[in-house]
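Subject: Structure handover and what was found in it

Dear colleague,

I am passing on the structure we talked about, together with my reading of it. Please keep it open beside this message while you go through the notes.

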Amino acid sequence: MKIEEFTLTGLHCPSCARLVQEDASKLDGVKNAVVDLATQKLRLIYDENIFQFTKLEESIKSVGFGVSR
């Protein structure tokens, strides 16, 4: 398991944060996802053999936000 933080952009409210958190939680290999709206960070615990950053990026961009490592 790996723990990593990602920087988010475009979050403006708790609903935005919840949407990103729920989407990230559904990705293959993700065991836990937590969004901190104040810092615009996404903290993931994931299986590095399964998780793909490109899938996270696609998921977050599809709902109108940005993410970077």
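Which residue takes a positive phi in the hairpin of strand 2 and strand 3, and how many residues lie between the strands? There are four residues between the two strands of this hairpin, and the one with a positive phi near 60° is Gln40. Gln40, whose place is in the loop between strand 2 and strand 3, has this positive phi although it is not a glycine. Because its relative accessible area is 19%, and buried means under 20%, Gln40 counts as buried. Please bear in mind throughout that this is a predicted model.

The overall picture

The chain has two helices and four strands, and when read along the sequence these follow the pattern β-α-β-β-α-β. A compact globule with 69 residues would have a radius of gyration near 11 Å, and the chain, with 11 Å, agrees with that. The C-alpha trace spans about 30 × 20 × 20 Å along its principal axes. Of the 69 residues, 39% count as buried, while the accessible surface of the chain comes to about 4,100 Å², of which 48% belongs to carbon and sulfur atoms. If you look at contacts between residues at least 6 apart in sequence, 56% of them join residues at least 24 apart.

Strand 3 and its partners

Strand 3, which covers residues 41–46, is a good place to begin looking at how the strands are arranged. It is joined to strand 1 by six bridges, with the two strands running antiparallel, and strand 2 (residues 30–36) also pairs with strand 3 in the antiparallel sense, over six bridges. Two places where you can follow the pairing with strand 2 are Val35, which stands opposite Leu42, and Val34, which stands opposite Arg43.

The side chains of strand 3 alternate along its length, so that Leu42, Leu44 and Tyr46 point to one face and are buried, whereas Lys41, Arg43 and Ile45 point to the other face and are not buried.

On the strand 1 side, Lys2 is a useful residue to select, since it lies in strand 1 (residues 2–9) and has Tyr46 as its bridge partner in strand 3. Leaving out residues up to four places away in sequence, Lys2 touches Leu44, Ile45, Tyr46 and Glu48. Lys2 and Ile45 are 43 residues apart along the chain, but their C-alpha atoms are separated by 5.6 Å. With a relative accessibility of 38%, Lys2 counts as partly exposed.

Charged side chains

Side chains of opposite charge can pair when their charged atoms come close. In this model the count comes to two salt bridges.

One salt bridge is formed by the side chains of Arg69 and Glu4, at 3.1 Å from N to O. This pair links distant parts of the chain, as Arg69 is in the segment after strand 4 (66–68) and Glu4 is in strand 1, 65 residues apart. At 58% relative accessibility Arg69 counts as exposed, whereas Glu4, at 15%, counts as buried.

Glu57 forms a salt bridge with Lys61, and here the closest N and O atoms are 3.7 Å apart. Because Glu57 and Lys61 are four residues apart in helix 2, they are separated by about one helical turn. Glu57 has a relative accessible area of 25%, which makes it partly exposed.

Does a buried charge have a partner, or is it without one? What is the nearest side chain of opposite charge to Asp47, and how far away is it? The nearest is Lys31, at 5.6 Å, and Asp47 has no salt bridge although it is buried. A salt bridge here needs a nitrogen within 4 Å of a carboxyl oxygen, so the distance of 5.6 Å to Lys31 does not meet the cut-off. Asp47 has its place in the loop between strand 3 and helix 2 (53–62), and, leaving aside neighbours within four places in sequence, Asp47 is in contact with Met1 and Gly29.

With best wishes,
A colleague

Methods
Residues numbered from 1 in each chain as written. Predicted model: local features only at pLDDT ≥ 70, side-chain atom pairs only at ≥ 80, totals over all residues. Heavy atoms only, no water. Buried < 20%, exposed > 50% of the residue type's maximum accessible area, 1.4 Å probe, protein only. Contact = heavy atoms within 4.5 Å. Pairing = 2+ DSSP bridges. Lys, Arg positive; Asp, Glu negative; His and termini not counted. Rg over C-alpha atoms; globule rule 2.2 N^0.38 Å. Areas by Shrake-Rupley, 256 points an atom, 1.4 Å probe, with all protein chains shown as cover.
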